[in-house]
Amino acid sequence: MKFETLAIHKGNLISDKNKPVVQPITLSTTFEHGNEGGVLYTRAGNPNRLALEEVIAALEKGVDAAAFSSGNAAGTAVFQALEAGSHIIAPDDMYHGLHNSMVMLFKGVLEVSFVDMSKLEEVEKAMRPNTRLIWVETPSNPLLKITDIRAVSTLAKKHGAILACDNTFATPVFQNPLLLGADIVMHSSTKYFGGHSDILGGALVTKEKNAFWEKIRTVQKVGGAVPSPADCYWLARSIRTLAYRMKGHAEHAMILAEYLSNHTKVEKVFYPGLKTHPGHAVAASQMTGFGGIVSFTVKGGAKEADEVVSKLHLFMNATSLGGVESLIERRAAVEGPDTLTPPNLLRVSVGLEHTDDLLEDMDQALG
Ligand SMILES: *Cc1c(COP(=O)(O)O)cnc(C)c1O
């Protein structure tokens with residue numbers, strides 16, 4: 001089945017005599033013993049979570065998925081599954097919450113090197129005998145850097161390391177890292193999967209059910225950072241329209257990126273769909289669309305960038321991304337003093353409003 005069909009028909013496990021068209025929310029925390037192959041206790045498994053995991057695994061072309069209570073919980077589960085003393089290679093530009101997880105929660109337990117993943121030789125140079133995990137995020141947050149997943153996967157295999165990819169920005173509509181050589185895919189389902197800025201969630205998908213995946217399942221079940229049945233229900237519901245929403249987000253992002261590229265008040269635009277983007281060729285070789293996030297720097301500094309944000313009406317000044325509404329944020333202000341993000345950079349999550357209205361609003365704000 002094709003993506004759009006899977007998105008609608010997986011993630012809907014119906015076993016009721018009344019044959020509802022939509023799977024109900026199963027609130028029961030416990031289940032009668034003796035239901036062969038069924039669930040026992042909701043932290044370890046729930047019918048709504050099973051449905052959600054099934055649809056996410058299918059869309060990412062994996063064999064199994066594990067749902068978590070947030071994207072950060074999902075990413076952190078991968079780090080928790082590593083042996084103490086393992087070394088991670090991670091991107092210098094990545095979601096700051098997972099960067100914080102690596103450096104704040106695993107200090108003295110795991111070693112981490114942050115490198116420019118768009119340069120393969122940097123990744124190779126960072127390899128150590130105890131390198132167990134290469135963590136990739138492409139396109140990256142907030143600079144939209146592109147990593148060649150196939151090339152890094154070759155490197156990971158050569159050194160016996162696991163390759164995990166945060167696929168939140170691309171979504172499986174535009175990129176399937178498992179088909180490009182990754183072993184694990186991670187999502188913040190708070191973003192495009194949820195799509196309406198009202199659910200927190202995360203997921204991991206695996207290419208193989210191996211010992212490492214078993215450890216991740218143990219972290220999920222024993223650690224207990226699992227989503228509620230209602231959250232799983234709403235996520236499975238949102239995923240049914242993911243393909244159509246992503247087409248809209250990417251189309252609108254391209255229009256905004258082109259508009260910004262031609263504006264005299266704009267210094268630089270970061271969007272992998274633009275031919276001028278240094279990662280465009282690699283992005284085009286591994287993605288079927290370029291996503292809905294556009295970053296740009298405003299001429300001047302933080303003050304000039306803040307001024308643009310304050311004049312916007314449709315683009316709300318708020319963190320997060322992936323919802324139907326357009327959001328804008330000056331990332332350096334959120335990421336703190338040691339960020340590499342330029343102070344005048346604005347990140348836009350381009351929503352599904354009509355692009356005429358979006359461009360008109362941006363036009364009056366840039367002046
Ligand atoms: C938001 C985000 C995360 C973290 O997800 P939460 O659901 O907020 O915990 C991880 N990676 C990326 C790329 C994100 O945008």
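**Two domains and a buried lysine**

Across the interface of domain 1 and domain 2, 14 residue pairs, both partners at pLDDT 80 or more, are found in polar contact. The elements that give two or more residues to the side of domain 1 touching domain 2 are helix H1 (3-9), helix H6 (149-158) and helix H7 (171-174), and of the contributors to that side H7 gives the most, with three residues. I should say at once that what you have in front of you is a predicted model, and everything I describe is to be taken in that light.

Let me step back to the layout. The domain assignment of the protein chain gives domain 1 as residues 3-237 and domain 2 as residues 243-366, and the contact between them takes 30 residues from domain 1 and 39 residues from domain 2. Taken over C-alpha atoms, the centres of domain 1 and domain 2 are separated by 26 Å.

As for the area, domain 1 and domain 2 bury about 2900 Å² between them, with 62% of it on carbon and sulfur atoms. On the domain 1 side, Leu 144, Phe 174 and Tyr 192 lose the most area to domain 2, and together they make up 27% of what that side buries. For charged pairs, the count between domain 1 and domain 2 is one salt bridge. Glu 4 forms a salt bridge with Lys 247, where the closest N and O atoms are 3.0 Å apart.

Now to the annotated residue. The UniProt record, an unreviewed entry, places the feature "modified residue: N6-(pyridoxal phosphate)lysine" at Lys 191. In the model, Lys 191 sits in the loop between strand E6 (184-188) and strand E7 (202-206). Is Lys 191 buried or exposed? Lys 191 counts as buried, because its relative accessible area is 11%, which is under the 20% cut-off. Not counting residues up to four places away in sequence, Lys 191 touches Thr 168, Ser 320, Leu 321 and Gly 322.

The last residue I want to show is His 249, which is found in helix H10, residues 242-261. His 249 counts as buried because its relative accessibility is 0%. Which residues is His 249 in contact with, leaving aside its neighbours within four places in sequence? They are Tyr 192, Gly 291, Gly 292, Gly 322, Gly 323, Val 324, Val 350, Gly 351 and Leu 352. Two names on that list have come up already: Gly 322 is also touched by Lys 191, and Tyr 192 is one of the domain 1 residues that lose the most area to domain 2.

Note on methods
Residues numbered from 1 in each chain as written. Predicted model: local features only at pLDDT ≥ 70, side-chain atom pairs only at ≥ 80, totals over all residues. Heavy atoms only, no water. UniProt positions renumbered as here; feature names shortened; annotations may be inferred. Helix = DSSP H or I, 4+ residues; strand = E, 2+ residues; numbered from the N terminus. Buried < 20%, exposed > 50% of the residue type's maximum accessible area, 1.4 Å probe, protein only. Contact = heavy atoms within 4.5 Å. Domains from an automatic or database assignment. Buried area = accessible area lost by both parts, 1.4 Å probe. Salt bridge = Lys/Arg side-chain N within 4 Å of Asp/Glu carboxyl O. Polar contact = N/O pair within 3.5 Å; in protein donor to acceptor, adjacent residues only side chain to side chain.
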